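The exercises below ask for careful reading of a single chain, moving from its overall layout to individual side-chain pairs. Each task is followed by a worked solution in steps.

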Amino acid sequence: MILDKLLERKDLEIYIDMRIKRLLSMKVTIFPQKQRGKIAERIKGRVAELRELKKVIKQAKLKDMSKLYWRKAAENGEKIE
């Protein structure tokens, strides 16, 4: 996975910015009419998630938040990969 190779905060921020840019440049109109709404919502959700991740990284809380998310997922019985 590419994130395994990104060690520095600035590298993560650059990756996130590029991923957001790529998602926002996607043309929903290339998908079938029935799927466009669902795909647009997924893109919005991914962009929001990436922006939240970037905010966590900028606050230098990545390790703390990842531990918190892991604990919450474990408590809810979610599979952790």
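**Exercise 1. Explain the spacing along the helix of the pair Glu52 and Lys55, and then describe how their side chains meet and how far each residue is exposed.**

Step 1. Because Glu52 and Lys55 both sit in helix 2 and are 3 residues apart, about one helical turn separates them. This is a predicted model, and the values that follow are computed from it.

Step 2. An α-helix has 3.6 residues a turn, so residues three or four places apart point the same way.

Step 3. The side chains of Glu52 and Lys55 form a salt bridge, with an N to O distance of 3.3 Å, which satisfies the 4 Å cut-off for such a pair.

Step 4. Glu52 is partly exposed at a relative accessible area of 36%, and Lys55 is likewise partly exposed, at 43%.

**Exercise 2. Work out how the pair Glu41 and Lys44 is arranged, and state whether its members are buried or exposed.**

Step 1. Glu41 and Lys44 are joined by a salt bridge in which the closest N and O atoms lie 3.7 Å apart.

Step 2. The two residues are separated by about one helical turn, because Glu41 and Lys44 are 3 residues apart in helix 2.

Step 3. Both Glu41 and Lys44 are exposed.

**Exercise 3. Determine how many salt bridges the structure holds, and examine the one between Asp17 and Lys54.**

Step 1. The structure holds 3 salt bridges, and one of them joins the side chains of Asp17 and Lys54, with 2.5 Å from N to O.

Step 2. Since Asp17 belongs to helix 1 and Lys54 to helix 2, this pair ties together parts that are 37 residues apart in sequence.

Step 3. Asp17 is partly exposed, its relative accessible area being 34%, whereas Lys54 has a value of 18% and therefore counts as buried, the limit being under 20%.

Step 4. Side chains of opposite charge can pair when their charged atoms come close.

**Exercise 4. Place Lys54 and Glu13 in their surroundings by listing what each of them touches.**

Step 1. Lys54 lies in helix 2, which covers residues 33–58, and, when residues up to four places away in sequence are not counted, Lys54 touches Glu13, Ile16 and Asp17.

Step 2. Glu13 is found in helix 1 and, with the same exclusion of residues up to four places away, touches Lys54, Ile57 and Lys58.

Step 3. With a relative accessible area of 17%, Glu13 is buried.

Step 4. As a check on the backbone, the C-alpha atoms of Glu13 and Leu50 are separated by 9.7 Å, although these residues are 37 residues apart along the chain.

**Exercise 5. Identify the residues of the largest nonpolar core and the elements that supply them.**

Step 1. The largest nonpolar core has 9 residues in all, namely Leu12, Ile16, Ile20, Leu23, Ile39, Ile43, Val47, Leu50 and Ile57.

Step 2. Helix 1 (9–24) and helix 2 are the elements that give two or more residues to this core, and helix 2 gives the most, with 5 residues.

Step 3. Ile43 belongs to this core and, leaving aside neighbours within four places in sequence, is in contact with Leu23, Met26 and Val28.

Step 4. In soluble globular proteins, nonpolar side chains tend to be buried together.

**Exercise 6. Summarise the chain as a whole, and then describe helix 3 and the glycine that follows.**

Step 1. The chain has 3 helices and 0 strands, and from the N terminus on its elements run α-α-α.

Step 2. Of the 81 residues in the chain, 17% are buried, while the accessible surface comes to about 7,100 Å², with 54% of it belonging to carbon and sulfur atoms.

Step 3. Among contacts with a separation of 6 or more, 50% are between residues 24 or more positions apart.

Step 4. Helix 3 (residues 62–75) has 14 residues and reaches 20 Å from its first C-alpha to its last, close to the 20 Å expected at 1.5 Å a residue.

Step 5. Gly77 follows helix 3, and its phi is positive, near 75°.

How values were computed
Residues are numbered from 1 along each chain as its sequence is written. This is a predicted model: local features need pLDDT of at least 70, side-chain atom pairs count only at pLDDT 80 or more; totals for chains, interfaces and linings use all residues. Side-chain values use heavy atoms; hydrogens and water are left out. Helices (H or I, at least four residues) and strands (E, at least two) are DSSP runs, numbered from the N terminus. Buried means under 20% relative accessible area, exposed over 50%, partly exposed in between (1.4 Å probe, protein chains only). Contact means heavy atoms within 4.5 Å. A nonpolar core is a set of buried Ala, Val, Leu, Ile, Met, Phe, Trp, Tyr and Cys residues joined through side-chain atoms within 4.5 Å. Accessible areas come from the Shrake-Rupley method with a 1.4 Å probe; for residues, only the protein chains shown count as cover. The expected span of a helix is 1.5 Å times one less than its number of residues.
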